[in-house]
Amino acid sequence: TTQLITRLTTDEIVRALADSRARSLAYTDLDDDDLRRQHSPLMSPLVWDLAHIGNYEESWLLRAVAGSRPLRPGIDDIYDAFRHPRADRPALPLLGPAQARSYLDEVRGAVLGVLARLNPDTLLSSTTWVVSDSGPSPRMADMVGAPSPGSRAALLTGGFVYGLVVQHEHQHDETMLATHQLRTGAPIIGDRAAPPPGRPVPAAEILIPAGEFTMGTDGDTAGTAWAYDNERPAHRVYVPAFFIGTLPVSNAAHAAFIEDGGYHDERLWSAAGWAWRCRAGLTAPQFWRREGDAWIRRRFGRDEPVPMDEPVQHVCWYEAQAHARWAGRRLPTEAEWEKACAHDPVTGRSRRFPWGDSEPTPERANLGQAATRPAPLGAYPAGASAYGVEQMIGDVWEWTAGDFVGYPGFRSFPYREYSEVFFPSAPGAGKGPPAGAVGAAAANGVAGAADVAEYAGFKVLRGGSWATHHSAVRATFRNWDHPIRRQIFAGFRLARDA
Ligand code: AVJ
Ligand code: FE
């Protein structure tokens, strides 16, 4: 057993739940038609996300924690992401906007009641679920409603299940922002704060010397109690010496890649990447267009010149890979990325964030949709890692080189569909979903489309974007998507062997 250093108090949980809900309601402050509409086949109608958030909260915080009966019997199927690909969701008998909001209110009221009755000591258990739970994790549908005492205790440890639900809602809030970026009509999303100004950095790349570091987490250090199963367990990894970009790749650098014919030079692309580039007609990041000599981008319904000093975003993994080859570089591996972000060579320990274990502040990282854009490059000297690498947390998700796989000793918890079904060996995660099941690839947006099945693997993204809430990102956090996806707020950083 391991001592948890930081645990959530009941008050902190109540506050975190209120914060994520305020965000979800702000992103669904639209008329009914707009909420039911599908703004892109890659995205759910916003009203699906809204009720799905409530259904997830009900499943975990009422049924799993308190053994409650379903509040709306029969709706679980509609909000099961694995049964219905995003493209099919508008045709489901969805709760309407008013019904969805009252469902959310009802769930939340009951959740606060359960929390008020919960012995706070339950949240102060000194064991983590890694060691206190045993046996294989069930599928979510089998998990809810019938928790064993052991799994209930594991769920509550350190407030884990509350962190699960808070993070889940913030992740859907980011997904809803991607829907807003694709939506046409009067924009309702705008900047709430201007990011700090950029500055030139001392060096374009930084040498990370060879050596071991601790990758991942056991959830037993400050602020990591609610780390997902795919971030665990902590393990030692030897990383050969490499160079990594001090900053993410800029719009200026990507414009130079375009100018140099990068999108038309097959030699820079992998075979799959070139096939996709041709089929999709890629010639620039999504939302960019040419006007005379200038690049214009559409951002939340408004056109503006592409700011050349910002990290590039809305590029897929294949574009990132081609750009890297053009630059004589490559994408960093996950281990390289995490070492550059978290390893402190003085103490030999891994930090929760690049700057240390303390919470992000507006001086350190661009998170939580303060602005609706990445900050200019060099804006966060106070957010640098021990090695001096900057803007690793916030601004843009960063594509890394490899596939989404479990760490050595991986155990799914608390349910298999959060991570495990997306691993390459899992049924449904790879090329063809199994008969009778939509499969992980479909749930993630490939949507049963046989024509893109060859691009159905998952690549890992690190570090969060300007749209990510600080509770849903840390140095160990792993996000994933198909290598063809561009609607997410993703860019990349370059690396090379030393
Ligand atoms: C980790 C962002 C890929 O949106 O499919 C949301 C997060 N999991 N609900 C997704 C998630 C369950 C997931 N990603
Ligand atoms: Fe979800």
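The exercises below, each with a worked solution, concern a predicted model of one protein chain.

**Exercise 1. The chain as a whole**

Find how many helices and strands the protein chain has, and what share of its residues is buried.

*Solution.* Begin with the secondary structure, where the protein chain is seen to have 13 helices and 12 strands. Next turn to accessibility, taking buried to mean under 20% relative accessible area; of the 498 residues in the protein chain, 58% are buried. Finally, consider the contacts between residues at least 6 apart in sequence, of which 79% join residues at least 24 apart.

**Exercise 2. Two cysteines**

Determine how many disulfides there are, and decide whether Cys 316 is buried or exposed.

*Solution.* A disulfide requires a pair of cysteine sulfur atoms within 2.5 Å, and by this rule the count is zero. For Cys 278, the nearest cysteine sulfur belongs to Cys 316 and is 12 Å away, so Cys 278 is in no disulfide. Cys 316 is likewise in no disulfide, its nearest cysteine sulfur being that of Cys 278, 12 Å away. As for accessibility, Cys 316 counts as buried because its relative accessibility is 0%, whereas Cys 278, at 40%, counts as partly exposed.

**Exercise 3. A pair of packed helices**

Describe how helix H3 packs with helix H7, and state which residues meet.

*Solution.* Two packed helices are described by the angle between their axes and the distance between the axes. Helix H3, residues 46–66, and helix H7, residues 149–156, pack at an angle of about 140°, and their axes lie 10 Å apart. This angle makes H3 oblique to H7, since angles over 145 degrees are needed for roughly antiparallel. The crossing in which H3 passes H7 is left-handed. In the contact itself, Trp 60, Ala 64 and Val 65 of H3 meet Arg 152, Leu 155 and Leu 156 of H7; sorted by class, these are five nonpolar residues, no polar ones and one charged residue.

**Exercise 4. Backbone exceptions**

Work out which residues are joined by cis peptide bonds, and give the phi of Asp 395.

*Solution.* Most residues other than glycine have a negative phi, and most peptide bonds are trans. A cis peptide bond, with omega about -10°, joins Arg 232 to Pro 233, and Pro 233 is in the loop between strand E2 and strand E3. Another cis peptide bond joins Phe 413 to Pro 414, with omega about 0°. Turning to phi, Asp 395 is not a glycine, yet its phi is positive, about 65°. Asp 395 lies in the loop between helix H12 and E8, and at a relative accessible area of 0% Asp 395 is buried.

Methods
Residues numbered from 1 in each chain as written. Chains lettered and ligands numbered in written order. Predicted model: local features only at pLDDT ≥ 70, side-chain atom pairs only at ≥ 80, totals over all residues. Heavy atoms only, no water. Buried < 20%, exposed > 50% of the residue type's maximum accessible area, 1.4 Å probe, protein only. Axes fitted to C-alpha atoms, helices over the stretch in contact; angles between N-to-C directions. Helix = DSSP H or I, 4+ residues; strand = E, 2+ residues; numbered from the N terminus. Parallel < 35°, antiparallel > 145°, perpendicular 65-115°, else oblique. Left-handed = near helix turned anticlockwise from the far one by under 90°. Contact = heavy atoms within 4.5 Å. Nonpolar A, V, L, I, M, F, W, Y, C, P; charged D, E, K, R; others polar.
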